[in-house]
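Here is an informal walk through one model, helix by helix and contact by contact. Keep the viewer open while you read.

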Amino acid sequence: MLSRSLNGIVQVLYTRADLDLLLSSPLLPTSIIGVRVGTVALTVTLEVAMLVWPFVNVFVLFGLFGWSKLYLLLPALAMLTTSLGVVLALTLFRLLGPRTTRVVASCSPR
């Protein structure tokens, strides 16, 4: 999840060349970046949920109700890994620069 979040954050910040245009708009930059980071968290959640939740459905169907905690735990983990991805991406931007960070993020396993 962390590697997918890191890759998503770098793609959100650098793949689309309209970030300068959006940041010069009358909207708050924090709201623009927040929405984009939220979409990365939602994407990571849905990618992992498609793999995990069918198994959870079967376990709950057979009476193992402890597995139902994963319905809430998975989005929380996705938000945590996305926030760690943002911190890692910003740290790599400062240490390595934007160009090298794009290379490092694209080489991470998916």
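## Aromatic pairs

Rings of Phe, Tyr and Trp, the last by its six-membered ring, make a pair if their centres lie within 6.5 Å. Planes under 30 degrees apart count as stacked, over 60 as edge-to-face, and the rest as tilted. Bear in mind that this is a predicted model. Searching the whole structure turns up two aromatic pairs. One of them is Trp53 with Tyr71, a tilted pair with 5.9 Å from centre to centre and 50 degrees between the planes. This pair links distant parts of the chain: Trp53 sits in helix H3 (residues 29–61), Tyr71 sits in helix H4 (residues 70–96), and 18 residues separate them. Are these two rings buried or exposed? Trp53 is partly exposed because its relative accessibility is 24%, and Tyr71 also counts as partly exposed, at 30%.

Then there are Phe59 and Trp67, with ring centres 4.6 Å apart. Their planes are at 40 degrees, so this pair is tilted as well. Phe59 belongs to helix H3. Leaving aside residues up to four places away in sequence, Phe59 touches Leu64 and Trp67. Phe59 has a relative accessibility of 29%, so call it partly exposed. Trp67 gets that label too, with a relative accessible area of 40%.

## The salt bridge

How many salt bridges does a search of the whole structure find? The search finds one. It joins the side chains of Glu47 and Arg4, at 3.2 Å from N to O. Glu47 lies in helix H3 and Arg4 in helix H1 (residues 2–14), so the bridge ties together parts that are 43 residues apart in sequence.

As for exposure, Glu47 is partly exposed at 34% relative accessibility. Arg4 is partly exposed too, with a relative accessible area of 25%.

## H1 against H4

Now rotate the view to bring up H1 and H4. These helices pack at an angle of about 60 degrees, and their axes are 8 Å apart. That angle makes H1 oblique to H4. The crossing of H1 past H4 is right-handed.

Who meets whom here? On the H1 side you'll find Leu2, Ser5, Leu6, Ile9, Val10, Leu13 and Tyr14. They meet H4 residues including Leu84, Gly85, Leu88, Ala89, Leu92 and Phe93. Thr81, Thr82 and Val86 of H4 are also among the residues in this contact.

## H3 against H4

H3 is another partner for H4. The axes of H3 and H4 come within 9 Å and cross at roughly 145 degrees. H3 passes H4 in a right-handed crossing. From H3, the contact includes Val37, Val40, Ala41, Val44 and Val48, along with Trp53, Val56 and Asn57. From H4, the residues include Leu70, Tyr71, Leu74, Pro75, Ala78 and Met79. So Trp53 and Tyr71, the aromatic pair from earlier, both turn up in this helix contact.

Thr81 deserves a stop of its own. Thr81 lies in helix H4, and appears in the contact with H1 as well as in the contact with H3. Buried or exposed? Thr81 is buried, because its relative accessible area is 12% and the cut-off for buried is under 20%. Not counting residues up to four places away in sequence, Thr81 touches Met1, Leu2, Ser5 and Val44.

## Two more spots to click on

Start with Gln11, which is in helix H1. Gln11 is partly exposed, with a relative accessible area of 37%. Along the sequence, Gln11 and Arg102 are 91 residues apart, but in space the C-alpha to C-alpha distance is 8.0 Å.

Finish at Lys69, in the loop between H3 and H4. With a relative accessible area of 62%, Lys69 is exposed. The C-alpha atoms of Lys69 and Val56 are separated by 9.1 Å, and the two residues are 13 residues apart along the chain. Val56 is also one of the H3 residues that make the contact with H4.

Conventions: Residues numbered from 1 in each chain as written. Predicted model: local features only at pLDDT ≥ 70, side-chain atom pairs only at ≥ 80, totals over all residues. Heavy atoms only, no water. Helix = DSSP H or I, 4+ residues; strand = E, 2+ residues; numbered from the N terminus. Buried < 20%, exposed > 50% of the residue type's maximum accessible area, 1.4 Å probe, protein only. Salt bridge = Lys/Arg side-chain N within 4 Å of Asp/Glu carboxyl O. Axes fitted to C-alpha atoms, helices over the stretch in contact; angles between N-to-C directions. Parallel < 35°, antiparallel > 145°, perpendicular 65-115°, else oblique. Left-handed = near helix turned anticlockwise from the far one by under 90°. Contact = heavy atoms within 4.5 Å.
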